[in-house]
Amino acid sequence: MSSRETVLGRVRRALADVPRGELPQQAPVARDYLRVHGRRSPAEAARLLAAHLADYRAQVHHSTPGGLPETVAELLVRRGARRVVTPAGVPAEWLPDGIAHLRDSAALTPLVLDTVDSVVTGCAVAVAETGTLVLDGSRGQGRRRSTLVPDHHVCVVRVPEQVVDSVPQALERLDPARPQTWISGPSATSDIELDRVEGVHGPRALDVVLVSADRWQPADGGAAQS
Amino acid sequence: MRVALFVTCVNDALYPRTGQAVVTLLERLGVRVDFPEAQSCCGQPQFNTGYRHATEPLVHRYASAFADYDHIVVPSGSCAAMVRENYPRIGARAAAEGRGGRLAAAADRAVPRTYELTEFLVDVLGVTDVGAYYPHTVTYHPTCHGLRVLGLGRRPRALLEEVKGLELRELASAEECCGFGGTFAVKNPAVSSAMGADKAHHIRSSGAASVCTVDNSCLMHIGGLLSRAGSRVRPVHLAEILASTEESPW
Amino acid sequence: MSVTYLGMPPFPEAAAAATGDERLRGNLRHATRTIRDKRAAAVAELADWSALRAAGAQIKDRTLRHLDHYLEQLEAAVTAAGGTVHWATDAQEAGEIVTRLVRATGEREVVKVKSMVTQEIGLNEALEQAGISAYETDLAELIVQLGEDRPSHILVPAIHRNRSEIREIFRERMGHWGRPAPDGLTDRPGDLAEAARLHLREKFLRAKVGVSGANFLVAETGTLVVVESEGNGRMCLTLPETLISVAGIEKVVPTWQDLEVFLQLLPRSSTAERMNPYTSTWTGVTPGDGPAAFHLVLLDNGRTDTLADQVGRQALRCIRCSACLNVCPVYERAGGHAYGSPYPGPIGAILTPQLDSMETGLDASLPYASSLCGACYEVCPVAIDIPEVLVHLRERVVQGGTATVRGERTTVRPARGHAAERAAMRAASWTFDHPRALRAGERMAARARRLVPRRLPGPGRAWTDTREVPQVPAESFRDWWRRTRGTAGGAPGSTTAHTVDDGTGAVGSTGRTGPLEDPR
């Protein structure tokens, strides 16, 4: 007998107490938990996203579609980036002059990516309640390794269309067949005395640009542009 | 209202003053309380050590001894929790083992009528001010089974707060186990004592003259550690504080 | 092969030694207390926590009740997405499968994501015997591996080490495994994380084979989920050409939607974060992105035996968050090593003996490694009633009974060394069922009460080494009652004829009439 048959046979014998003919869906699961924790407008959701991103040490910036190239260029210059990788779908115009620009491709090995300073991508969805960005490898998001090996990640989020409130809403929007990376702040660890410190293997700097057609109005009414 | 006291075996043999305090307190509140002598032990020591079958006669005994009462008052969070949480399990397991439904039926009869003392006072009698007077500083340790199995919540504190003359002192890490745990105290004496030593430290740091709980078994452990360490902090069951009045201090 | 480490003493012995280790206790106290308050705050943010917790338990129970169905569904979905599924009945077979798969790539090195299940099966040791080096890449696993140590916590295997100990390990050991620690390394956590980053970078970049566990396996879609913080998981899951994931069969969840429950429960319970820094999900292989070959090894290793126990099976709901360890007062004092397996703390005390069929002396001592305070149950995000299972397993230790061992229904004998206790417990039950004998015993104790020494001999020492014995009163409660309230104590208005000894000396005659007279 194969190990597969052995294990499945043991499982079936172990479940002798389950009535024959019981369908999996007949085992009750009450989904009376909340789909969203609180009611908020799209602008409020975006503000919560910004606050939660910042809580976990992501740098949050605000921009408009017209101002985006300038914002991205400024972030790369500020970082001192000289080699930048972008996936197809990210316009070359976003990058400032004088920067070596690499397109994400299968040819970019980990060792090559290790010589890259920054990566600029979009995202599939962003979750306000948890401060999470989800990349799923579709256009503008790149291969998983291109947002992993470089030490600086600039991620552009379109507000409000890419922002959801909650984890349940995010999962509804995502296609499980696509490889996904859920990112909540720069890499971190709690492995030393169970206290969180930022910056281990993944990008240690995460800049998030929230792009909105409307002029951004933070809750405190402070300066709109970063 | 027919009310019976289930004094518990620990109180019966080692802490009769606690049982006397419950009788005094309830009678002062106008409740006539009875003590059916057929009662003995809830079976917790056996059950929690793994001797479920040895517990079964005691489930029957409990159900029979208290068959004729509306309310069974238990001055022990742990023993009340044993009845409420584990008697139904013991009954269900016996039925599953093909030994019929008698135990389950006994458990069904016993469980809804079983009240830990503070539940009986607050929920059944609807009182928090029992007219007690206890002019001492006291810190309250919420024992685990009362806290987490019965969900006593604020009841013991609400009662203590109404006691005249009593000054309640906060206990650090109050909700952490004292380390008694029944046979755990002797099966894992080092860990049990280490937990108890931390609890004793917090009790002493509270500055209270007495430490109060709703369980004498935990107090036996805490008190044993305190007195071995030469502390003068006095362990006292909540019932004894509530029984105390200006006219007749406990 | 046992889940417990070879040569481990029973829990009380190892725990007693640990309670005397001041530094260990300080490290554990600091770490567990730091996380406790944070977890409580993270959980308090969600008003529907109890509903999420109930749903998490129910989803796991649904999965377990129909595990055969979901495993077959998972296998089909993973295969359809380009992965290969392997089945392992035990640790040895899993080790052989992984070894074979690594050999087939021609590589002699693998990078590993932290995984409980590969600890459980001793995979690193199996690979080493085959001449394959396995590099742990999680920071805490790295600390354990470099220190030739054992893990002591589910989430933070090096929780028993403080920052200055970690610095010493890095300074002394990193050079033996690759890039040495930077000169002048301080014990700032940020600097220690940087040292790990530099040390492991070259290994990640040239790794050809990655080995991982999985937090969740989605049956419906064939998707695997790994939840992590540092990015070492992403490195191992996406940079190598071949990925081998080993997962216990209980890691299945039915649907993609079900993740909406667990991705809320797990981070808040585990690291007390709204969301952990990185979660990776993948379904089979994606051409041009990530490994070209993906293998999933499904492991039994005692899980089906655990599943056969209707009380004990709830341990298989566990999502390895470690909240129960962090709140456990016993774990805090005993430390993780005393539990003798990769699964320490309350969950280990119920999981290890079940996976192991209670075969070692350590296994038989683990169900007693708890005061039954219930703090673990309170924080468990999938509502595993750990105290209930502990007591249930104690029964198996002292009473024996039927259990499933490696798939076979077996009558198990009680563990050795409980004969005296069993006799005492039975005697106690007999006495408690005969109140006249109880009364006689109490009176005898009262008469002898001045003879009780402060320090008892024999087993009593376990109490009196640290604690005074209570003073036996001159009069038991029942004697006081009889003396002050008369002998008529009994039920008012009763017409029931009880057949129990009521301690009055009149067995079987407790059918009484008339209310008790007020004694005053």
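This note goes through a predicted model chain by chain and contact by contact.

1. **How the chains touch.** Start with the arrangement. Two pairs of chains touch, and the pair with the most contacts is A and C. Chains A and B do not touch. Their nearest C-alpha atoms lie 11 Å apart.

2. **Chain C as a whole.** Chain C has 520 residues, and 60% of them are buried. Its secondary structure comes to 23 helices and twelve strands. Measure the C-alpha trace along its principal axes and you get about 90 × 55 × 45 Å. Now look at contacts in chain C between residues at least 6 apart in sequence. Of these, 73% join residues at least 24 apart.

3. **A strand inside chain C.** Find strand β10 of chain C, residues 293-299. Is this strand enclosed or open? Six of its seven residues are buried, so β10(C) is largely enclosed by the rest of the structure. A residue counts as buried here if 20 or more other C-beta atoms lie within 10 Å of its own.

4. **The partners of β10(C).** Which strands pair with it? One is β1 of chain C, residues 84-88, which runs parallel to β10(C) over five bridges. Here Thr84(C) stands opposite His295(C). Another is β7 of chain C, residues 242-248, also parallel, over seven bridges. Leu243(C) in this pairing has Phe294(C) as its bridge partner. When you trace these strands, keep one rule in mind. In a regular strand the side chains alternate between the two faces of the sheet.

5. **The interface of A and C.** How many residues of chain C are in contact with chain A? The count is 82 residues of chain C, against 63 residues of chain A. On the chain C side, helix α3 (residues 49-65) gives the most, with nine residues. That side of chain C divides into 39 nonpolar, 29 polar and 14 charged residues.

6. **Strands across the chains.** Look next for a strand pairing between chains A and C. Strand β9 of chain A (residues 180-183) runs antiparallel to strand β9 of chain C (residues 278-283). Four bridges join them. Take care with the labels, since both strands are called β9. Ile183(A) stands opposite Tyr278(C) in this pairing.

7. **The annotated span in chain A.** The UniProt record, an unreviewed entry, places the feature "domain: LUD" at residues 115-211 of chain A. In the model this span is 7% helix and 42% strand. The C-alpha atoms at its two ends lie 29 Å apart.

8. **A hairpin in chain A.** Strands β10 (residues 188-192) and β11 (residues 195-198) of chain A run antiparallel, joined by three bridges. Thr189(A) stands opposite Val197(A). Two residues lie between the strands of this hairpin. Which residue takes a positive phi here? Glu193(A) does, near 60°.

9. **Chain B.** Chain B has 13 helices and eight strands. Its radius of gyration is 18 Å, close to the 18 Å that the globule rule gives for 250 residues, so chain B is as compact as a globular protein of that length. The C-alpha atoms fill a box of roughly 55 × 45 × 30 Å along the principal axes. Buried residues make up 66% of chain B. Of the contacts in chain B between residues at least 6 apart in sequence, 77% join residues at least 24 apart.

Conventions
Residues are numbered from 1 along each chain as its sequence is written. Chains are lettered from A and ligands numbered from 1 in the order in which they are written. This is a predicted model: local features need pLDDT of at least 70, side-chain atom pairs count only at pLDDT 80 or more; totals for chains, interfaces and linings use all residues. UniProt positions are given in the numbering used here, feature names are shortened, and annotations may be inferred rather than shown by experiment. A residue is buried if 20 or more other C-beta atoms lie within 10 Å of its own, exposed if 12 or fewer, and partly exposed in between; C-beta atoms are placed from the backbone. Two residues are in contact if their C-beta atoms, placed from the backbone, lie within 7 Å. Two strands pair if DSSP finds at least two bridges between them. Ala, Val, Leu, Ile, Met, Phe, Trp, Tyr, Cys and Pro count as nonpolar, Asp, Glu, Lys and Arg as charged, and the others, Gly among them, as polar. The radius of gyration is taken over C-alpha atoms; the globule rule is 2.2 Å times the number of residues to the power 0.38.
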